[in-house]
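Biologist: Before using these coordinates, I want to know what stands behind each label put on them. Please go through the labels with me.

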Amino acid sequence: MSIEVKVPVLPESVSDATIATWHKKAGDAVKRDENLVDLETDKVVLEVPAPVDGVIKELKFQTGDTVTSQQVIAVIEEGAVAAAPAAAPAAAAPAPAAAAPAAPQAAAHGNADLSPAGLRVATEQHIDASKVAGTGRDGRVTKEDLVNYGKGGSAAAAPAAAPTPGSRPEERVPMTRMRARIAERLMQSKNSIAMLTSFNEVNLAEVVKMRKTLGESFEKANGVKLGFMSFFVKAAAEALKRHPVVNASVDGNDIIYHGYQDISIAVSTDKGLVTPVLRDVQDKSFADIEKGILDYAKKARDGKLGLDDLQGGTFTITNGGTFGSLLSTPIVNPPQSAILGMHAIKERAIVENGQVIAAPMMYLALSYDHRIIDGKDAVLFLVDIKNQLENPQRMLLGI
């Protein structure tokens, strides 16, 4: 029985997808749940599994084609067995050699730069010199090269010439759908949002101390390590409760205040930056947050993030510090109104209680939509984050 393979149901925000990679071809045997094809959307790459065991009867689209929700892209013959490969046909008898012309003919393709002796060999033996690796000066094909090529009968093309000194190679590669979508959204943010960035710095000595003293116990109790990101996510959720305008979004002339904190965590992948969403962070423990981050990181590495993982989000946190960034101005992800940028932790000299000490310091950046968030709100929000991280017990008590 023939079974149709269809494009998965796409959400309203995704109109179509592109065939990125076929993992099978017509005539191949497949197992149920084996990945047939990767579909690239504006946000994620979707895997389409085989619904049954059988043999691929037909692929209706080629790599690079655009498909829409529920469109049939392949047909599988359920229960069929792939045919055994046919035996190789017997080699045909060589055709009799054509009689050599009485006089040299016009130069064949690629033979124009040959010496007279080389041209005679090429003409008599019907050799295209462009297929011969030259050993002469500047890579020129010599008479000896042609004679040796004729004796060997090799049809292998000459290797590509190495770049000459001073050459300026270029390569033009089309953007993937995801990269094009990222570019579109960044330009949308730049052109539609009155964006401004405020900065502060935080002393992470207490966080470092807590991770050192309680990290092992935390991991034993919860099966996951205690990282830095959970402190920032928890601090952001608490601060968003007290500064709801930073958690709001603009819809035309309206401001939508969200009574929950769905925080997007920026994750870098081979195909670009994605922002899976930790939902209802206000109700999550440190362990819940760490497990959620770990799950998304694994999904991102394996290309398993789904569209639902990326939908929504009222606030974003991005950590350029993992790549060594000391300071940056992150770009707001519409329709959100703010994004918190974390950076590299550096030991710096600071003054504390009249004494110069070394402390693990991090610069924080908050980019925000100035249409609804005033500078005062942004600064107070950053100070709130700073106070919680420098006194971690505050976020445990919700103060």
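**Labels and their grounds**

Modeller: Residues 96-108 have pLDDT under 50 throughout, and the model gives them four contacts beyond four places in sequence. The coordinates come from a predicted model, and where pLDDT is low, they should not be read in detail.

Biologist: Where else does pLDDT stay under 50?

Modeller: Over residues 154-158, for which the model has nine contacts beyond four places in sequence. For the protein chain, the mean pLDDT is 84, and 85% of the residues reach 70 or more.

Biologist: What makes up the chain in terms of helices and strands?

Modeller: The protein chain has nine helices and 19 strands. Of its 399 residues, 40% are buried. Among contacts with a separation of 6 or more, 62% are between residues 24 or more positions apart. The accessible surface is about 22700 Å², and carbon and sulfur atoms hold 53% of that.

Biologist: Why is Asn 247 called buried?

Modeller: Its relative accessibility is 1%, and the label applies under 20%. Asn 247 therefore counts as buried. Asn 247 sits in the loop between helix 5 and strand 10.

Biologist: What is in contact with Asn 247, leaving aside its neighbours within four places in sequence?

Modeller: Leu 240, His 258, Tyr 260, Gln 261, Thr 314 and Phe 315. Thr 314 is 67 residues away along the chain, yet the two C-alpha atoms are separated by 5.7 Å.

Biologist: How do you know that Ile 317 is buried?

Modeller: The relative accessible area of Ile 317 is 0%. The cut-off is 20%, so Ile 317 is buried. Ile 317 belongs to strand 16. Beyond four places in sequence, Ile 317 touches ten residues if you count them off: Met 229, Phe 232, Val 233, Ala 236, Ile 263, Ser 264, Ile 265, Ala 266, Leu 340 and Met 342. For Phe 232, the separation is 85 residues in sequence and 8.3 Å between C-alpha atoms.

Biologist: Which residues of helix 5 meet helix 6?

Modeller: Met 229, Ser 230, Phe 231, Val 233 and Lys 234 in helix 5 meet Phe 286, Ile 289, Glu 290 and Ile 293 in helix 6. These divide into six nonpolar, one polar and two charged residues. The two axes come within 9 Å and cross at roughly 120°, and the crossing is right-handed.

Biologist: Why is Val 202 called buried?

Modeller: Val 202 has a relative accessible area of 0%, against a limit of 20%, so the label is buried. The residue is part of strand 9. Its contacts outside the local sequence are Pro 360, Met 361, Met 362, Leu 364, Lys 386, Leu 389 and Glu 390. Ala 359 is 157 residues from Val 202 along the chain, with 9.7 Å between the C-alpha atoms.

Biologist: What makes Ser 189 buried?

Modeller: A relative accessible area of 0%, where under 20% is required; Ser 189 is therefore buried. Ser 189 lies in helix 3, and beyond four places in sequence it is in contact with Met 195, Ile 331, Val 332 and Pro 334.

Biologist: What kind of peptide bond joins Pro 334 and Pro 335?

Modeller: A cis bond, with omega about 5°. Pro 335 is in the loop between strand 16 and strand 17. Most peptide bonds are trans, and most residues other than glycine have a negative phi.

Biologist: Which phi value does Asp 280 have?

Modeller: About 50°, which is positive, although Asp 280 is not a glycine. Asp 280 lies in the loop between strand 15 and helix 6. Asn 353 also has a positive phi, near 55°, and is placed in the loop between strand 18 and strand 19.

Biologist: Why is Asp 280 called partly exposed, and what makes Asn 353 exposed?

Modeller: Asp 280 is at 36% relative accessibility, between the limits of 20% and 50%, so it counts as partly exposed. Asn 353 is at 75%, and over 50% is the condition for exposed; Asn 353 therefore counts as exposed.

Notes. Residues numbered from 1 in each chain as written. Predicted model: local features only at pLDDT ≥ 70, side-chain atom pairs only at ≥ 80, totals over all residues. Heavy atoms only, no water. Axes fitted to C-alpha atoms, helices over the stretch in contact; angles between N-to-C directions. Helix = DSSP H or I, 4+ residues; strand = E, 2+ residues; numbered from the N terminus. Left-handed = near helix turned anticlockwise from the far one by under 90°. Contact = heavy atoms within 4.5 Å. Nonpolar A, V, L, I, M, F, W, Y, C, P; charged D, E, K, R; others polar. pLDDT = per-residue confidence, 0-100. Buried < 20%, exposed > 50% of the residue type's maximum accessible area, 1.4 Å probe, protein only. Areas by Shrake-Rupley, 256 points an atom, 1.4 Å probe, with all protein chains shown as cover.
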